[in-house]
Amino acid sequence: MLAFNQLFDAHRRWVETSGASGKPLSLDGIDMRRVSLNAPVLEQAFFTDCDFRGMAFENVDFYRSEFYSCDFSHSVFIDCDFSKCALDYSSFTGSRFYRCKFPRADAFRADFDECIFQHCSLAGINLMECSLAKARIEETDFEEAYLDKIRASDAAIICPSNIEKINRISLLHKDGKTITEGAAALKMLKKES
C-alpha cells in the first residue's frame with residue numbers, strides 16, 4: 001500500500017508544480033479496487049488495462065488522463081470531469097454518470113452498454129465505433145458531439161439539449177455494414193420523456 005501512496009503523492013506534486021517536481025503516474029494491469037487512497041489526484045495520469053470495476057467516483061477531475069483498455073464496469077460517476085481524456089477500448093458497461101462532463105474527450109471502441117447518463121455534457125466528445133446498446137441518455141448536452149459508427153440498439157436519448165448542434169451522428173446496424181446517418185439516426189435514438 002505504501003508504494004501506491006508514494007506513487008500518487010509523487011503524481012500530485014508533479015501536477016501541482018506543472019512537472020517541476022514529482023513524477024507522472026503511469027500504471028499498467030493494476031486492480032485499482034484493492035488500492036485505498038484518500039482523494040487521489042487522477043488528472044493527467046496514464047492507465048493501461050487497469051481494473052476499476054464497481055468503484056464510485058465523486059467530484060474527480062480526470063483532466064487529460066488516458067485510460068486504455070481499462071474496465072470501469074458497473075461504476076458510478078458523480079460530478080466528474082473527463083475533459084480531454086482518452087477512453088479508448090475501455091469498458092463502462094452498466095455504469096452510471098450523473099452531472100459529468102466530457103469536453104473534447106476521445107473514446108474509440110469504448111463500451112457504454114447499459115449505461116445511464118443524466119444531466120451530463122457530451123459537448124465536444126468524440127465517440128468512434130463505440131457501443132451504446134441499451135444506454136439511456138437523459139437531459140444531456142450534445143453540442144458539437146461527434147458520434148461515428150455507434151452501435152446503439154435499444155438505446156434512448158431523452159430530452160437532449162443542443163442536439164441540433166451535433167457535429168456528426170452515424171449508427172452502425174447489427175449487420176456491421178449498414179449505416180444510418182444524420183436526422184434519421186437521431187430519430188432512431190430520440191425518445192419522448
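A residue counts as buried when its relative accessible area is under 20%. By that cut-off, Leu-87 is buried, because its relative accessible area is 1%. This value, like the others in this passage, comes from a predicted model, and it offers a handy way into the structure.

Leu-87 sits in the loop between strand E5 (76-78) and strand E6 (96-98). What does Leu-87 touch, once residues up to four places away in sequence are set aside? The list has Phe-67, Phe-82, Phe-92, Phe-102, Asp-106, Ala-107 and Ala-110. One of these partners, Asp-106, is 19 residues away from Leu-87 along the chain, yet the two C-alpha atoms are separated by 6.1 Å.

A second loop residue makes a useful companion. Asp-113 is found between strand E7 (106-108) and strand E8 (116-118), again in a loop. Is Asp-113 buried or exposed? With a relative accessible area of 18%, Asp-113 is buried, since the cut-off for that word is under 20%. Leaving out neighbours within four places in sequence, Asp-113 is in contact with Phe-92, Thr-93, Gly-94, Ser-131, Leu-132 and Ala-133. Phe-92 also appears among the residues that Leu-87 touches. For another pair of positions, Asp-113 and Asp-51 lie 62 residues apart in sequence, and their C-alpha atoms are 17 Å apart in space.

Next come the strands and their pairings. Strand E9 (residues 126-128) runs parallel to E11, and 3 bridges join the two. Within this pair, Leu-127 stands opposite Leu-147 of E11. Strand E11 (residues 146-150) in turn pairs with E13, also in the parallel sense and over 3 bridges. Here Ile-150 has Leu-171 in E13 as its bridge partner.

How many residues of strand E13 (residues 168-172) are buried? The count is 4 of 5, so the strand can be described as mostly covered. In addition to E11, E13 has strand E14 (residues 179-181) as a partner, this time in the antiparallel sense over 3 bridges. Ser-170 is matched with Glu-181 in E14. E13 and E14 form a hairpin with 6 residues between them, and Gly-176 in the turn has a positive phi of about 75 degrees.

Stepping back to the whole protein, the secondary structure comprises 2 helices and 15 strands. The radius of gyration is 17 Å, close to the 16 Å that the globule rule gives for 193 residues, so the protein is as compact as a globular protein of that length. Along the principal axes, the C-alpha atoms fill a box of roughly 55 × 30 × 25 Å. Buried residues account for 46% of the 193 residues. Among contacts between residues at least 6 apart in sequence, 10% join residues at least 24 apart.

The surface and the charges complete the picture. The accessible surface comes to about 9800 Å², and carbon and sulfur atoms hold 46% of it. The protein carries 24 positive and 30 negative charges, and the mean positions of these two sets are 2 Å apart.

Note on methods: Residues are numbered from 1 along each chain as its sequence is written. This is a predicted model: local features need pLDDT of at least 70, side-chain atom pairs count only at pLDDT 80 or more; totals for chains, interfaces and linings use all residues. Side-chain values use heavy atoms; hydrogens and water are left out. The radius of gyration is taken over C-alpha atoms; the globule rule is 2.2 Å times the number of residues to the power 0.38. Buried means under 20% relative accessible area, exposed over 50%, partly exposed in between (1.4 Å probe, protein chains only). Contact means heavy atoms within 4.5 Å. Accessible areas come from the Shrake-Rupley method with a 1.4 Å probe; for residues, only the protein chains shown count as cover. Lys and Arg count as positive and Asp and Glu as negative; His and the chain ends are not counted. The place of a charge is taken as NZ of Lys, CZ of Arg, CG of Asp or CD of Glu. Two strands pair if DSSP finds at least two bridges between them.
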